[in-house]
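Q: Please take a close look at one part of this structure: the place where the ligand sits. Then walk outward to some residues in the loops and helices.

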Amino acid sequence: MEVVAIVGSPRKNGNTVIITTHTLKSIAEEGIETKLISLAGKEIKPCNACMACQESGECIIDDDFPPILNDMLDADGIILASPVYFGSCTALLKALMERAGFISRPRGSPFNRKVGGPLVVARRAGQNFTIAEINFWFHILGMTVPGSTYWNMAFGREIGEVANDEEGLRIAWNFGKNMAFVLKKTAQ
Ligand SMILES: Cc1cc2nc3c(=O)[nH]c(=O)nc-3n(C[C@H](O)[C@H](O)[C@H](O)COP(=O)(O)O)c2cc1C
């Protein structure tokens with residue numbers, strides 16, 4: 001059983017990586033394998049609506065998307081984590097959601113019944129909208145999203161600040177525990 005977490009920040013080892021690592025530690029403690037993929041430094045172009053994937057099941061855009069898609073397809077659980085950028089997730093994560101979501105239909109809805117969830121960090125505001133935005137992706141693809149002890153958000157601006165948000169860390173940790181619980185209950 002494996003959970004893959006994709007961090008949509010263009011900043012290496014930033015706050016979103018810190019909070020996501022915390023959740024993955026909580027999941028690993030339950031005997032589930034984990035993998036973190038940072039999109040920092042990677043090129044993920046937006047969907048260009050060429051429709052090629054709807055015929056072939058393959059995306060023809062040449063960038064870093066294919067191996068990340070494969071990791072998402074192989075995983076039992078998927079975490080999509082993002083800092084808030086102008087009240088929304090980052091363009092990098094949005095591009096990934098467009099591409100992975102659109103290619104899933106011609107491939108027979110492979111995300112259906114996987115378990116997922118968002119993790120969101122901001123300096124001040126926009127977490128709730130961003131959580132909802134990411135949850136829409138999980139839900140349209142048939143995925144199950146466990147809750148935590150609050151919405152999966154934390155506060156921080158400069159790199160490392162999120163480590164001071166004790167409640168945010170606790171929420172992220174408890175989300176990991178609930179994700180592991182649902183994964184084990186629904187394992188086929
Ligand atoms: C382009 C840009 C837009 C941002 N927009 C918001 C925002 O709308 N609300 C907010 O509270 N913080 C905003 N921030 C701050 C980041 O969400 C915050 O610094 C976060 O901790 C970054 O996470 P990271 O270290 O994982 O990159 C923005 C930062 C950048 C660079």
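A: What follows starts at the ligand and then moves on to single residues. The model is a predicted one.

Start with the site itself. The ligand sits in the largest pocket. How many residues are around the ligand? There are 17. Five of them come nearest: S9, N15, T16, R124 and G156. What kinds of residue make up the shell around the ligand? By class, seven are nonpolar, six are polar and four are charged.

Next, look at which elements build this shell. Helix α1 covers residues 15-28. Strand β4 covers residues 115-122. Each of these two supplies at least two residues of the shell around the ligand.

Now zoom in on the atoms. S9 uses its side chain: an N or O atom there is 2.6 Å from an oxygen atom of the ligand. R123 uses its backbone: an N or O atom there lies 3.2 Å from a ligand oxygen. R124 also has a polar backbone atom by the ligand, 2.6 Å from an oxygen atom. How much of the ligand does the protein bury? Taken alone, the ligand exposes 650 Å². The protein buries 77% of that area.

Stay with helix α1 for a moment. K25 is found in this helix. Is K25 buried or exposed? K25 counts as exposed, because its relative accessibility is 51% and the cut-off for exposed is over 50%. Now compare chain and space. K25 and G176 are 151 residues apart along the chain. Their C-alpha atoms are separated by 8.0 Å.

Move on to the stretch that leads to helix α2. Strand β2 covers residues 33-38, and A49 lies in the loop between β2 and α2. What is special about the backbone of A49? Its phi is near 60 degrees, a positive value in a residue other than glycine. A49 has a relative accessible area of 47%, so A49 is partly exposed. Helix α2 itself covers residues 52-56, and A52 is found in it. A52 has a relative accessibility of 23%, so A52 counts as partly exposed. Buried would mean under 20%. Where is A52 relative to G108? The two are 56 residues apart in sequence. In space they are 16 Å apart, C-alpha to C-alpha.

Then turn to the loop between α4 and β4. Helix α4 covers residues 91-104. S109 is found in the loop that follows, between α4 and β4. Phi of S109 is near 55 degrees, again a positive value in a residue other than glycine. S109 has a relative accessible area of 35%, so S109 is partly exposed. N112 is found in this loop between α4 and β4 too. N112 has a relative accessibility of 41%, so N112 counts as partly exposed. Which distance separates N112 and M143? In sequence they are 31 residues apart. In space their C-alpha atoms are 5.3 Å apart.

One more loop remains on this walk. Helix α5 covers residues 127-140 and strand β5 covers residues 153-155. Y150 has its place in the loop between them. Y150 has a relative accessible area of 41%, so Y150 is partly exposed. Y150 and F175 are 25 residues apart along the chain. Their C-alpha atoms are separated by 8.8 Å.

Finally, return to the ligand. It sits in the largest pocket. S9 offers a side-chain atom to a ligand oxygen at 2.6 Å. R123 and R124 each bring a backbone atom instead, R123 at 3.2 Å and R124 at 2.6 Å.

Conventions
Residues are numbered from 1 along each chain as its sequence is written. This is a predicted model: local features need pLDDT of at least 70, side-chain atom pairs count only at pLDDT 80 or more; totals for chains, interfaces and linings use all residues. Side-chain values use heavy atoms; hydrogens and water are left out. A residue is near a molecule or strand if one of its heavy atoms lies within 4 Å of it. A polar contact is a pair of N or O atoms within 3.5 Å; within protein, one must be able to donate a hydrogen and the other to accept it, and residues adjacent in sequence count only if both atoms are side-chain atoms. Accessible areas come from the Shrake-Rupley method with a 1.4 Å probe; for residues, only the protein chains shown count as cover. On a 1 Å grid over the protein atoms alone, a cavity is a set of points where a 1.4 Å probe fits but cannot get out, and a pocket is an open set with protein on both sides within 12 Å along at least five of seven lines; lining residues have an atom within 4 Å of a point. A molecule sits in a cavity or pocket if more than half of its atoms lie within 2 Å of its grid points. Helices (H or I, at least four residues) and strands (E, at least two) are DSSP runs, numbered from the N terminus. Ala, Val, Leu, Ile, Met, Phe, Trp, Tyr, Cys and Pro count as nonpolar, Asp, Glu, Lys and Arg as charged, and the others, Gly among them, as polar. Buried means under 20% relative accessible area, exposed over 50%, partly exposed in between (1.4 Å probe, protein chains only).
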